[in-house]
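Okay everyone, thanks for coming. I'll put the structure up on the screen, and then we can walk through it piece by piece.

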Amino acid sequence: MATLRVTLRVILRSMWRRAGGRYSLIVLGLWVLVSLVSLVWTPYSLLATDGFHVWSKPSAAHPLGTDGVGADVLSWLMAGSRTNLIIAALSVIVAAAFGLLLVAAMVSRHGALSAVSVVLVDALISVPTVLVALILCVPFGASAAVIVAACGFAYGLNLARILRPSAMLAARSAYVQSALHSGMPAARVFLTHIVPNTLPVLVVQLSMSAGTSILAEAGLTYLGIGVGAGVPSWGHSLATSVKFVGIYPLTVLWPGLVVTAVVVALNLLGDALRDAADPLANPALRGGQDER
Amino acid sequence: MSVEIRNLNITIGSKPIVHDIDMDIADGERVGLVGSSGSGKSMIAKALMGLLPANASADGSVRAGGAQLIGANDTDMADLRGRYMGMVFQNPAAALNPVTTVAQQVELPLRLHYDLSAPERQERVKTMLSKVGLPESALGKYPHELSGGQAQRVGIATALITSPRLIIADEPTTALDAITQRQIVDLLTSLVDDAGASMLFITHDFAVLARATTRCYVLEDGAMVESGATADLLDHPHTEQARKLVAAARELTLHRQEAEVHHG
Amino acid sequence: MAEILLQGSGINKSFGARGARRQVLFDVDVDVRAGECLAVIGGSGSGKTTLTRILLGLETADSGVVEYRGHNIAEGRQGLRMLREESGLVFQDPFSSLDPRWRVGSSVAEPLKLRRKKLPSAAVKQRVAEVLGLVGLDSATLGSRYPIDLSGGQAQRVAIARAIVAKPKVVLADEALSAIDVAVRVQILDAFAAIRRADPDMALIMVSHDLGVVRHIADRILVLHEGRVEESGPTARLLAHSQSAYTRRLIEAASL
């Protein structure tokens with residue numbers, strides 16, 4: 001465990017050293033912090049509406065102003081951050097699980113299985129995420145779970161397709177042959193030899209997927225097939241105010257800024273994590289020599 | 001003098017790769033450059049070909065065919081490379097364009113650097129192929145249809161088609177099996193001698209060096225540590241590095257007597 | 001005579017799709033005895049790699065029988081399982097045979113952990129240090145490194161240590177020297193000699209295109225030419241009294 005802690009510290013330090021990594025760590029740290037705080041405290045209750053002060057400008061009482069029903073914009077954005085955090089995290093987990101399962105099938109030594117899975121991925125990848133969400137909405141109704149399922153499905157397919165070349169390279173390598181020859185079960189070979197060797201592509205792709213899930217949430221919620229009415233999310237904050245952007249631009253600006261900042265941070269996170277967490281890219285992880 | 005290198009230094013970033021290299025290749029001479037991997041021998045060849053990586057910087061003097069190559073512009077360099085030099089690479093399969101036929105491959109340097117009619121070019125290509133020991137039927141073949149040895153013969157034909165005065169061969173036999181290695185080395189040396197050209201032969205294998213060259217330079221960690229007639233060096237290596245390379249070559253080859261017991 | 005570990009008889013093998021099928025092995029017979037070093041020599045396209053991969057159960061023959069310690073490895077599971085558990089592999093390119101994202105110590109320990117699941121980790125560590133020591137490497141300094149920080153010679157010695165860590169009865173080394181600098185090949189040969197001394201009953205199959213590199217280590221040489229056995233016999237006799245023109249060309253090519 002001690003070595004794991006050391007490794008984590010080295011990774012974080014390497015990320016911090018780069019401007020992009022530092023920015024992403026700060027923004028994402030704030031995101032998690034605000035999400036946690038929002039569980040126990042927001043400036044106003046989400047249900048507290050003030051009919052006398054709708055669309056009010058930022059003030060001491062309402063730092064980011066109020067929306068069309070007089071609810072506190074800051075409180076809704078804070079509460080929304082935890083919804084988006086959960087959606088992003090779950091989308092990434094579902095995408096990783098689904099995508100890696102597909103990759104395993106694609107690089108398997110069973111000719112038929114790999115051939116079928118390659119065709120399947122190519123066919124399914126053409127189905128738009130919105131369509132998947134629409135279909136899922138019919139039986140299940142609009143909810144965050146539908147967004148997670150639709151995103152996980154679409155990003156999993158993308159992930160599978162992008163990972164396939166590097167996974168294939170590892171799967172055909174002498175070290176995999178050697179491990180199989182020594183009697184390592186195929187599933188373990190996949191997890192310990194093949195997946196780690198796709199790491200550079202994997203982390204970049206997954207963190208970009210997290211960012212895209214936020215954009216997808218905003219888009220789907222705007223279309224009415226996202227998080228249910230009354231559930232706080234950044235997409236919800238955008239959707240309820242975007243119709244009035246010509247008159248009250250500030251209420252659109254705040255969620256817009258938050259979404260942009262976080263999506264940029266997630267995209268930068270991928271590059272930073274790849275450079276910091278891959279022992280081949282980061283000499284500091286390989287025993288500390290040559291650290292720069 | 002075919003090649004004259006003086007005080008050549010090459011650095012990549014702040015890391016010195018080779019330093020204070022002096023080297024001469026007389027007209028018609030076959031010269032070896034031997035060293036372990038990482039000794040910088042390929043970098044010297046790249047400097048000579050004007051193909052140093054973009055992040056490398058070189059100073060000193062590298063003259064080939066009378067022209068100064070350090071600081072030469074890309075057009076002059078390309079022209080010199082095309083007319084004066086021919087290059088043979090380590091991995092023939094990778095050096096050949098997979099979608100061109102042998103005929104197109106060998107013809108290309110002629111098209112680029114000489115003003116000849118198509119029939120003249122084809123005639124030269126045919127002659128060249130027979131010189132490297134390939135049948136006429138090889139003309140229409142693609143690289144994947146060739147064995148390693150055949151591919152390297154195509155590589156040699158491509159390098160020699162323009163009748164260059166200097167051949168630079170960078171580990172041309174390392175990827176081949178022992179019998180093919182021997183054939184390729186013998187082919188290359190006889191073609192170079194017939195043309196009266198000079199050759200720089202780069203290798204990590206002293207046994208190959210002994211067969212391909214008359215004089216050689218030993219490189220270690222970017223510095224020239226020894227030079228002299230190849231036969232002398234084989235018998236009396238002076239420096240630690242040369243001794244190591246010669247000892248390895250002797251250890252890993254059959255001695256004449258051993259091999260000739262049967263013939264004798 | 002020592003026990004016959006591996007015996008291949010009448011082995012045929014072809015590759016390619018139906019239209020362009022090419023036979024690479026024709027009725028090859030070969031045996032490998034405990035404790036010996038057998039060199040399988042031939043040019044590229046001779047079928048030497050295919051033959052030895054079939055012997056080790058990495059590929060299957062079209063026809064012919066491979067027996068490991070008396071068990072046909074194509075029948076039932078026991079023969080093949082025994083062979084897998086009791087054999088080790090060394091490949092041509094040391095950097096592609098070690099997982100670039102595994103530390104050297106873990107790579108070497110892998111076969112041992114898989115084959116002796118109950119071995120305590122202290123014992124694994126000790127054995128890893130022992131085999132690394134055997135091939136002339138220090139486990140304390142190299143064990144925690146990644147392959148990228150090794151030289152080619154070091155990486156190949158790590159691969160040799162991994163091949164013998166679980167005390168195999170037979171090791172296959174496929175062109176294990178040809179991607180290595182000549183000056184370093186001697187070290188690799190020394191490592192092979194050391195692992196043979198450490199376990200005199202272990203058989204070593206060395207595949208090479210070059211007679212020069214195997215002449216000191218091989219007890220017996222099998223020359224393959226275009227998929228057929230050209231000649232085989234004890235090293236000294238084969239080098240001195242070869243009956244085959246092809247073998248003599250190999251000898252000539254390996255002479256200084």
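Let's start with one residue, C:G47. If you skip its neighbours within four places in sequence, C:G47 is in contact with C:V24, C:L25 and C:L224. One thing to keep in mind as we go: this is a predicted model.

So where does C:G47 sit in chain C? You'll find C:G47 in the loop between β3, residues 37–41, and α1, residues 48–55. And is C:G47 buried or exposed? With a relative accessible area of 10%, C:G47 is buried, because buried means under 20%. Now look at C:V229 as well. C:G47 and C:V229 are 182 residues apart along the chain, yet their C-alpha atoms are separated by 9.9 Å.

Let's zoom out to the rest of that chain. Chain C has 11 helices and 10 strands. Its radius of gyration is 18 Å, close to the 18 Å that the globule rule gives for 256 residues, so chain C is as compact as a globular protein of that length. If you lay a box along the principal axes, the C-alpha trace of chain C spans about 50 × 50 × 45 Å.

What about the inside and the outside? Of the 256 residues of chain C, 58% count as buried. On the outside, chain C exposes about 10400 Å², and carbon and sulfur atoms supply 47% of that. Take the contacts in chain C between residues at least 6 apart in sequence: 68% of these join residues at least 24 apart. As for charge, chain C carries 34 positive and 29 negative side chains, with the centres of the two sets 5 Å apart.

Okay, on to chain B. The secondary structure here comes to 11 helices and 10 strands. A compact globule of 264 residues would have a radius of gyration near 18 Å, and chain B has 19 Å, which agrees. The box for the C-alpha atoms of chain B is roughly 55 × 55 × 30 Å along the principal axes.

How much of chain B is buried? The figure is 51% of its 264 residues. The accessible surface of chain B is about 11500 Å², with 49% belonging to carbon and sulfur atoms. Among contacts in chain B between residues at least 6 apart in sequence, 66% join residues at least 24 apart. Chain B has 23 positive and 32 negative side chains, and the centres of those two sets lie 4 Å apart.

Let me pick out one residue here too, B:D76. You can find B:D76 in helix α2 of chain B, which covers residues 74–84. B:D76 counts as partly exposed, because its relative accessibility is 48%. Compare its position with B:E251: the two are 175 residues apart in sequence, and their C-alpha atoms are 45 Å apart in space.

Then there's chain A. UniProt, in an unreviewed entry, places the feature "domain: ABC transmembrane type-1" at residues 81–270 of chain A. In the model, that span is 80% helix and 0% strand, and its end C-alpha atoms lie 20 Å apart.

Last bit: how do the chains meet? Two pairs of chains are in contact, and of those, chains B and C share the most contacts. Chain A and chain B have no contact joining them, and their closest C-alpha atoms lie 13 Å apart.

Conventions
Residues are numbered from 1 along each chain as its sequence is written. Chains are lettered from A and ligands numbered from 1 in the order in which they are written. This is a predicted model: local features need pLDDT of at least 70, side-chain atom pairs count only at pLDDT 80 or more; totals for chains, interfaces and linings use all residues. Side-chain values use heavy atoms; hydrogens and water are left out. Contact means heavy atoms within 4.5 Å. UniProt positions are given in the numbering used here, feature names are shortened, and annotations may be inferred rather than shown by experiment. Helices (H or I, at least four residues) and strands (E, at least two) are DSSP runs, numbered from the N terminus. The radius of gyration is taken over C-alpha atoms; the globule rule is 2.2 Å times the number of residues to the power 0.38. Buried means under 20% relative accessible area, exposed over 50%, partly exposed in between (1.4 Å probe, protein chains only). Accessible areas come from the Shrake-Rupley method with a 1.4 Å probe; for residues, only the protein chains shown count as cover. Lys and Arg count as positive and Asp and Glu as negative; His and the chain ends are not counted. The place of a charge is taken as NZ of Lys, CZ of Arg, CG of Asp or CD of Glu.
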